[in-house]
Amino acid sequence: MNRLKGMFDIHADAGYYAAIKAAIQAVAHSHHLARIETPILESSDLFHRGMGADTDVIRKETYTFNDRASRSLTLRPEGTAGVVRAFIEAKLYARPEPVKKFYYDGPMFRYERPQKGRFRQFHQMGVEVFAEASPSVDADLIHASVAILEHLGLTAHLELNQLSNTSKPDYKAALKAHLKPHLDSLCADCQTRYADNPLRILDCKIDATHTALQNAPMPLDYLSDEETAYFNALQDHLKALEIPFTVNNHLVRGLDYYTGMVFELKVDEAILGAQNTVAGGGRYDDLVHTLGGPALGATGFAFGIERLVVALKAAEIAPLTDPLDLYVMVLDASVTDYALQLVKALRHAGCAVMMSHHDGSMKKQFKTVTQLDAAYAAILGPDELASGTVTFKHQASGTAHRLNLSDTATMTRILHGGDA
Ligand code: HAM
């Protein structure tokens, strides 16, 4: 039996995932984000209404099936729609804080063509912030995304754009009128997008150099005065935060719910090729209302965790490791109970400890100590038991500490790096 195409097991890279989760936790703490977890499976209707029936994700990429009661269900392709559903269902909008901030991470599913940085099961870490539209809330959110990268020791470039909510239909019409004479020379995907989702043509990688796109009307040309002022204020805040950015007026994002500011964080193409966007997000001020909640704006982003793993490796940043403090070698079955008790006491004191279970000669057990890279080895046999002592040997220096078998306090101090 093999795993499914585009899906994978996480074992060798588990330390990278742990490092990424630690960075998320640190930023969740400093930005005071509340944890939210939603089911992986939701009604298909949620994603149709939430993400837009004409988006690539909904048209071609969802894992949708009927359950035994013939209800159409979908494995979540992203986290935002589910968080908004939960936000409405549990009336989280009634919480006292004026800006309600949540974070999550977990697996997402999209039936895509697997390639570097693009999988069918992948993991996202996301933040969703519910509050009246405000450039400073957006700047604060973008700061959280940049802070995650800083925690990891990564750098990425921030690209920013502002979509017009007020003149979206006018802009769509103008873009379509401009592209119509060039339709035959656009790529096959863009020809489909023309009818359903013309904005996506703007960020098509294949047609990026097409002259029709070079001189197409841009979303920024269609902003109202208020939207322009908003975007300028956001840029001022980012400058105050010393977050470098580029305005990319071709940036539109793939999901329908965006209503204003959109952004992406990109790493060098040399690292991830065309899939070099490690995070994306923006404002979605209509979604809470569309899904049955109050008219409350929101803004958010999500990182692709697998892409961060690739970026960490490329930058030669070490994964998180969980070192073993002590390996207790058991020389004879008669001392097993004592070894179990010793190991139990040290684990209670917070040490990472393993013991052998009659695993052969002392030589063989020392080999295990080396393979496990344990900081200390202890030998426990009938002689040690008779004398009531045990020897802790520091593997790197060879220093030995002979300790009273009941003195777990001193043992703990040594294992935690203190002196005997
Ligand atoms: P998205 O741009 O579709 O946005 O996905 C966010 C990130 O997830 C991408 O930048 C990428 O790093 C990663 N990603 C997406 N698809 C795949 C895949 N097939 N394989 C590996 N990684 C992938 C959203 O999902 C929005 N919910 C973000 C958001 C939150 N907007 C507002 N709030």
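Trainee: Which polar backbone atom is 3.3 Å from an oxygen atom of the ligand, and in a residue numbered below 300?Mentor: That's a backbone atom of Val 278, at 3.3 Å from a ligand oxygen. Before you go on, this is a predicted model, where local features need pLDDT of at least 70 and side-chain atom pairs count only at pLDDT 80 or more, while totals for chains, interfaces and linings use all residues. Residues are numbered from 1 along each chain as its sequence is written, and side-chain values use heavy atoms, with hydrogens and water left out.

Trainee: OK. Which side chain has an N or O atom 2.9 Å from a ligand oxygen?

Mentor: Arg 253 does. Gly 304 also comes in, through a polar backbone atom 3.3 Å from an oxygen of the ligand. The protein covers 96% of the 660 Å² of accessible area that the ligand has on its own (Shrake-Rupley method, 1.4 Å probe).

Trainee: How many residues surround the ligand?

Mentor: 25, and the closest are Glu 78, Thr 80, Glu 112, Glu 128 and Tyr 258. To count, a residue needs a heavy atom within 4 Å of the ligand. By class, the shell has 10 nonpolar, eight polar and seven charged residues. Here Ala, Val, Leu, Ile, Met, Phe, Trp, Tyr, Cys and Pro count as nonpolar, Asp, Glu, Lys and Arg as charged, and the others, Gly among them, as polar.

Trainee: Which strand gives the most to that shell?

Mentor: E10, with five residues. E6, E10 and E11 each supply at least two. Those labels are DSSP runs numbered from the N terminus: strands (E) have at least two residues, helices (H or I) at least four.

Trainee: Switching to helices: is H12 mostly covered or mostly open?

Mentor: Mostly covered, with seven of its 10 residues buried. Buried means under 20% relative accessible area, exposed over 50%, and partly exposed in between (1.4 Å probe, protein chains only). Glu 306 and Arg 307 are among the buried ones, alongside Leu 308 and Val 309.

Trainee: What covers them?

Mentor: The cover includes helices H1, H5 and H10, plus strands E6, E10 and E11. Just after H12, Glu 316 takes a positive phi of about 55°.

Trainee: And the largest nonpolar core: which members touch the most others?

Mentor: Val 84 and Phe 130, out of 47 residues. Helix H4 gives the most to this core, with six residues. A nonpolar core is a set of buried Ala, Val, Leu, Ile, Met, Phe, Trp, Tyr and Cys residues joined through side-chain atoms within 4.5 Å.

Trainee: What does Phe 130 touch?

Mentor: Leaving out residues up to four places away in sequence, its contacts (heavy atoms within 4.5 Å) include Val 83, Phe 87, Tyr 284 and Leu 296. There's also a second, separate core of 44 residues, including Val 27 and Ala 311.

Notes
A polar contact is a pair of N or O atoms within 3.5 Å; within protein, one must be able to donate a hydrogen and the other to accept it, and residues adjacent in sequence count only if both atoms are side-chain atoms.
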